[in-house]
Number of protein chains: 4
Amino acid sequence: MIRVTIWYEYAQEIGVLKREMVPGMSDKDFEFFSDFVKSRVERIKEVYPKGLIGTLSEALEKDPEFRITLTNIYEKDYGLPDELLENTDVLVWWSHVLQDAVPDSLAMKIVKRVQKGMGFVALHSAHKSKPFMYLLGTSGTLKWREDDFCRVWTVNPAHPIAQGIPEMIELQEEEMYGEPFDVPKPDDNIFISWYRGGEVFRSGCTWTRGYGKIFYFQPGHETSPNYHNPYIQKIIGQGIHWAAPTVYRENFDCPNILTSPESLCK
Amino acid sequence: MIRVTIWYEYAQEIGVLKREMVPGMSDKDFEFFSDFVKSRVERIKEVYPKGLIGTLSEALEKDPEFRITLTNIYEKDYGLPDELLENTDVLVWWSHVLQDAVPDSLAMKIVKRVQKGMGFVALHSAHKSKPFMYLLGTSGTLKWREDDFCRVWTVNPAHPIAQGIPEMIELQEEEMYGEPFDVPKPDDNIFISWYRGGEVFRSGCTWTRGYGKIFYFQPGHETSPNYHNPYIQKIIGQGIHWAAPTVYRENFDCPNILTSPESLCK
Amino acid sequence: MIRVTIWYEYAQEIGVLKREMVPGMSDKDFEFFSDFVKSRVERIKEVYPKGLIGTLSEALEKDPEFRITLTNIYEKDYGLPDELLENTDVLVWWSHVLQDAVPDSLAMKIVKRVQKGMGFVALHSAHKSKPFMYLLGTSGTLKWREDDFCRVWTVNPAHPIAQGIPEMIELQEEEMYGEPFDVPKPDDNIFISWYRGGEVFRSGCTWTRGYGKIFYFQPGHETSPNYHNPYIQKIIGQGIHWAAPTVYRENFDCPNILTSPESLCK
Amino acid sequence: MIRVTIWYEYAQEIGVLKREMVPGMSDKDFEFFSDFVKSRVERIKEVYPKGLIGTLSEALEKDPEFRITLTNIYEKDYGLPDELLENTDVLVWWSHVLQDAVPDSLAMKIVKRVQKGMGFVALHSAHKSKPFMYLLGTSGTLKWREDDFCRVWTVNPAHPIAQGIPEMIELQEEEMYGEPFDVPKPDDNIFISWYRGGEVFRSGCTWTRGYGKIFYFQPGHETSPNYHNPYIQKIIGQGIHWAAPTVYRENFDCPNILTSPESLCK
């Protein structure tokens, strides 16, 4: 059994941006983003009547090994109180307009939990989320453009996350994310995406930090229907399985070994 | 000063396939390939009046640090007598229809020389050359299609090989090479190519073997004009600089350390 | 169920070196090695009454997922006829004095089989075996000295191969293998060994080649009792599980994609 | 010319711990550490009459390519005002008892500067410094014990940082740092250390983050004389050369590419 927590923003689904959540944001930006999230409500409802994450979550729930908890930034403690975090084996993260609203202190708690063994699956715009950037140590920058045709190529077909996935998936519409993608060299680069507009992107990558495993996967724009796609669902499900911890570490001590192994064995 | 040896097939430039070079080839295949190399002569002459490698070599010769030797499979010892190999710092390799004509014994000598420190720059179809496959330990398989529009994206802009190269190079015509590319995970993946037909390819990759450095770079189809392109020339030149040895090792002994360091220092 | 084939030399156990096996060996060397293998028979019998590989195999057989076949270089086709190789999921390889007796053709068949997905677990002196060197593309050279005290440190405690293994294992006697170890940079370096004589060694490393996974593990000198050690047995067993294929590829074609994906989808 | 800034704590050299520097420290801990830094003054003076960093810096200054600035935590803005940081090509960092005194805001500025291209050379106890941990995304934990005999083995002899360094350096006394070392898998592991007490440690490792290069090197305990050792000096100097930027990036934008490359070229 894998305790999966899916955290997401929810702002665009409900069309509400709370002023207190983004205290650092200028009034002008706040107005812009408020209008933006309002403008998305209807479009998202059309594409995802059950919500973006609702749709994904419904698909993942079919896996009998997953015990899924849904949470969002509007809930207590930005959706991740300590007790929930400490009882999460794999944290799935979808964020977009509220990246800066997540406090540094929460991001650092997530980093520590990953270093202890928790898996972290970063979806789509989470490339600029604090937990992702703080885990990787890079900025996560890239290029983007809304609504392009996308082909996801499997470049590492023997990887567990790619099992049962065809060599290429066509997505009629997805946000274009383009190289250069500012991430450390991946342990494994599993997928590379092609966009009709002319760009490429390392759209599926893995890293490890401490005892924890990290999987980034690009598809998941809120107004593109790709979380309905069974292959995309399968990849994310297999990403969760892959990222599930083999073992947890308890602490981050630097022990002083006063008595050396050699002195003990002689 | 870097002693650069550029080895290439030459068969298509002169339109001649020698029977004794490919004793293992069936008569039918020999006939097919003989016709094929003949059919290319005129087309290559149009695109490269000085020859494919002649053009590349002319560009590289402008670098005052390079002392270049051109050689081909029709020369003595398949173009690489021991003395030449032993006096090569970076071996540039372009091969295509005669991959199997290179004897295993020569391929293994090249492997040993790379392990000792020589750089190896594999161009275009050299992904299926024996030295490349024996160095990497993989099959080098990929997809292909002649004559597509290609965009080479720089995904590792801080790498020495990418200096002075724009974030994207457009090639009006290049052979499409598509993923999955069967190579071990690269130390660095510097370029990824986009093809208008829909494929992607990790077109610039590096590895190390022993003391030697290896750079693979995809552009260089014999009937596409890309070795006239200053950026492609620059990338190959920088690849040679990058692959130049820092130091050579002399032998491959496994010494028996009868006297341990500890017994010596007490 | 994992079809495990354990291949080993057997020469030292029976004290017999066959002249026809090492045609390239000089008469003087043949005499030396003949005497050497004879001289080992009694010592190995003392340490391993059931044989070195007999002991290891007996331990591994307790794993209900393994279906183990034992074979050695004295059997038909050097112990690895095509049918056996094609029905092996993980090949465990222990070799020492007869590295050169294995024909190149067999080594290349093993390489191809690994590229298709078969796992390869190289034990102890297999660092100089042909399959290992041809898969990695390096020489496998190192330093050595018989009979030293060894401490195997776990440096990657979250790796599947390290589960249930303490942070350090003490081996009262093992052959010293010392750095520099001429291998490509490992995907994962799981164990590093400390020797009382003063050396260190990356004693547990993994790589991938094509669809296949490779694990090298150092302990296993024929006259040291470490294959009786439950932790060493556990590591090798977990190495086999880790190296078991996720999927096989069928062939090594480079398909010509005459019809591009784009032309198909428009 | 490489603008090298060497930042260090200085607390133990002057024997003074300032209360305002460590506001989060408990009174008891403050008393303990105050006594500790006082107790070191004489011992450091004996080993390093010119100071630990004074000695290192004097050696590095012989390199005509280095323009060195020395700074410490007692100076303005914790020794790293924006103007100095923005004019540093390679930052060398030595820290120990005051890791937590460095504000998060300064650590994050250093991270950003590395992502832009600045090199970062972390010495000895800097494995627990904030800039190091925030760049790598791991905790940097390890084992330790004062005053052991240490052998530094070169395991990657072709790496630029290892040029001219013997295969092994003996240090009569160094602090033991032992595995497991909680860092992401290094791009290159250049040195592994052996300690007479029984431990091993990956004592020389490199990573990249964004455009910047990172080198960690273990020797440098404040009361061990190893910064007098010409080989240790040479390794650190070569580490600075290796980490020097090839190119800087200017910003961390995620540009919206409204006009696709394809629409531009048709």
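**Chain contacts and helix packing**

Chain D and chain C each bring 15 residues to their contact, where two residues are in contact if their C-beta atoms, placed from the backbone, lie within 7 Å. This is a predicted model, in which local features need pLDDT of at least 70, side-chain atom pairs count only at pLDDT 80 or more, and totals for chains, interfaces and linings use all residues. Residues are numbered from 1 along each chain as its sequence is written, while chains are lettered from A and ligands numbered from 1 in the order in which they are written.

On the side of chain D that touches chain C, β5 (143–154) and β7 (188–195) of chain D each supply at least two residues; strands are DSSP runs of E with at least two residues, and helices runs of H or I with at least four, numbered from the N terminus. By class, this side of chain D holds 7 nonpolar, 2 polar and 6 charged residues (Ala, Val, Leu, Ile, Met, Phe, Trp, Tyr, Cys and Pro count as nonpolar, Asp, Glu, Lys and Arg as charged, and the others, Gly among them, as polar).

Turning to helix packing, the axes of α3 (residues 52–60) and α7 (residues 230–243) of chain D come within 10 Å and cross at roughly 70 degrees; axes are lines fitted to C-alpha atoms, for helices over the stretch in contact, with angles from 0 to 180 degrees between N-to-C directions. α3(D) and α7(D) are therefore roughly perpendicular to each other (65 to 115 degrees). Leu56(D), Ala59(D) and Leu60(D) of α3(D) meet Gln233(D), Ile236(D) and Gly237(D) of α7(D), a contact with 4 nonpolar, 2 polar and no charged residues.

Notes. Parallel < 35°, antiparallel > 145°, perpendicular 65-115°, else oblique.
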